[in-house]
Amino acid sequence: MFPYFYQFTTPLLPLNSKRLLVEFAENHPELIQQYYSGITNTVDKDVCFILLNCAPEFNQQINPEIETFLAVISLPFYCMILRHQPGVVVSIHRDDPNRRNTIISIPLQPLENYPPTHFYNFNGDTAHTARRKPIATAKFESGNACILNTQELHGLVNTSQHTRYNLQICFHESWDIVY
């Protein structure tokens, strides 16, 4: 739903590649970092990631399907795997403009009932997330990826009983360019 997200109608990565990425994340806990917000100067212990471009272990294990997929992207980007434990609430926010103005988010796990990302449009304070009604929801239908405009207010709740993993391809470019 423009200008918040675009839902792909076909898979960007095969199921085997998704499984390999989750396995990589679970087998390399030493690479997991907690997210630090440059806006609020705080660490968010609930948002953890592995920055893949900086992980030689990943570059040595990359499979041909992932390599082929990444090779066709013509804009500068970096990749990360994000992890949200069951029950985690990611507060409504805009991403720091740290080369994350727009992302392609590819669900990796769970494969069914993947928790959506909600978008909001309101002025003022972003507290009291539960009382806010989303104006758009990226549902990642059929487990397919979405392009997300991370400069719009968004958040999520991992309502799944499973750890939520996604591969993010992060762009400095604006939504208008990536979309």
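The paragraphs below lead through a predicted model of a single protein chain, from its overall make-up to some individual residues.

The chain has 179 residues, and buried residues make up 46% of them. Its secondary structure comes to 4 helices and 11 strands. Among the contacts with a separation of 6 or more positions, 82% are between residues that stand 24 or more positions apart in the chain. The accessible surface comes to about 9,500 Å², and 52% of that area belongs to carbon and sulfur atoms.

A good place to begin is the interior. In soluble globular proteins, nonpolar side chains tend to be buried together. In this model the largest nonpolar core has 27 residues, and the members that touch the most others are Leu21, Leu52, Ile81, Ile106, Leu167 and Ile169. Two or more residues of this core come from each of helix H1 (15–27), helix H3 (64–71), strand S4 (78–84), strand S6 (102–109), strand S11 and helix H4 (175–178). Another core, of 15 residues, lies apart from this one, and its members include Met80, Tyr114, Ala136 and Cys146. To see how one residue sits among its partners, take Leu21, which, leaving aside neighbours within four places in sequence, is in contact with Leu13, Leu52, Phe58, Ile66, Ile81, Leu108 and Leu167.

Helix H1 also holds Val22, which counts as buried because its relative accessibility is 6%, under the 20% limit. Not counting residues up to four places away in sequence, Val22 touches Leu108, Gln109 and Tyr165. Although Val22 and Gln109 are 87 residues apart along the chain, their C-alpha atoms are separated by 7.3 Å.

From Gln109 the path leads into a loop with two unusual backbone features. Most residues other than glycine have a negative phi, and most peptide bonds are trans. Here, however, a cis peptide bond joins Gln109 and Pro110, with omega at about -5°. Pro110 is found in the loop between S6 and strand S7 (117–119), and Asn113 has its place in the loop between S6 and S7 as well. Asn113 is not a glycine, yet it has a positive phi of about 55°. With 71% relative accessibility, which is over the 50% limit, Asn113 therefore counts as exposed.

Which residue's side chain makes a polar contact with the side chain of Tyr114? The partner is Asn166, at 3.1 Å. Asn166 lies in strand S11, which covers residues 164–171, and it counts as buried because its relative accessibility is 1%. Leaving aside neighbours within four places in sequence, Asn166 is in contact with Met80, Ile81, Leu82, His84, Ser105, Ile106, Pro107, Leu108 and Tyr114. Some of these names have come up before: Ile81 and Ile106 belong to the largest nonpolar core, whereas Met80 and Tyr114 belong to the other core, of 15 residues.

A second positive phi, again of about 55°, is found at Phe140, which is not a glycine either. Phe140 lies in the loop between strand S8 (136–138) and strand S9 (146–149). Is Phe140 buried or exposed? It is buried, because its relative accessible area is 2%. The backbone nitrogen of Phe140 is reached by the side chain of Gln7 at 3.1 Å, and a polar atom of that Gln7 side chain also lies 3.1 Å from the backbone nitrogen of Glu141. Gln7 itself is in strand S1 and counts as buried, at 15% relative accessibility. Not counting residues up to four places away in sequence, Gln7 touches Lys139, Phe140, Glu141, Asn144, Ala145 and Cys146.

Charged residues offer another view of the model, in which the count comes to 1 salt bridge. Arg100 forms a salt bridge with Asp95, and the closest N and O atoms are 2.7 Å apart. Arg100 counts as buried because its relative accessibility is 8%, and Asp95 is buried too, with a relative accessible area of 5%.

The last stop is the surface. Phe2, Tyr6 and Tyr179 make a nonpolar surface patch of about 340 Å². Phe2 has its place in the segment before strand S1 (5–7), and it counts as exposed because its relative accessibility is 55%, over the 50% limit.

Key:
Residues are numbered from 1 along each chain as its sequence is written. This is a predicted model: local features need pLDDT of at least 70, side-chain atom pairs count only at pLDDT 80 or more; totals for chains, interfaces and linings use all residues. Side-chain values use heavy atoms; hydrogens and water are left out. Buried means under 20% relative accessible area, exposed over 50%, partly exposed in between (1.4 Å probe, protein chains only). A polar contact is a pair of N or O atoms within 3.5 Å; within protein, one must be able to donate a hydrogen and the other to accept it, and residues adjacent in sequence count only if both atoms are side-chain atoms. Contact means heavy atoms within 4.5 Å. A nonpolar core is a set of buried Ala, Val, Leu, Ile, Met, Phe, Trp, Tyr and Cys residues joined through side-chain atoms within 4.5 Å. Patches are made of residues with over 30% relative accessible area and no salt bridge: like charges are joined within 9 Å, nonpolar side chains (Val, Leu, Ile, Met, Phe, Trp, Tyr) within 5 Å. Accessible areas come from the Shrake-Rupley method with a 1.4 Å probe; for residues, only the protein chains shown count as cover. A salt bridge is a side-chain nitrogen of Lys or Arg within 4 Å of a carboxyl oxygen of Asp or Glu.
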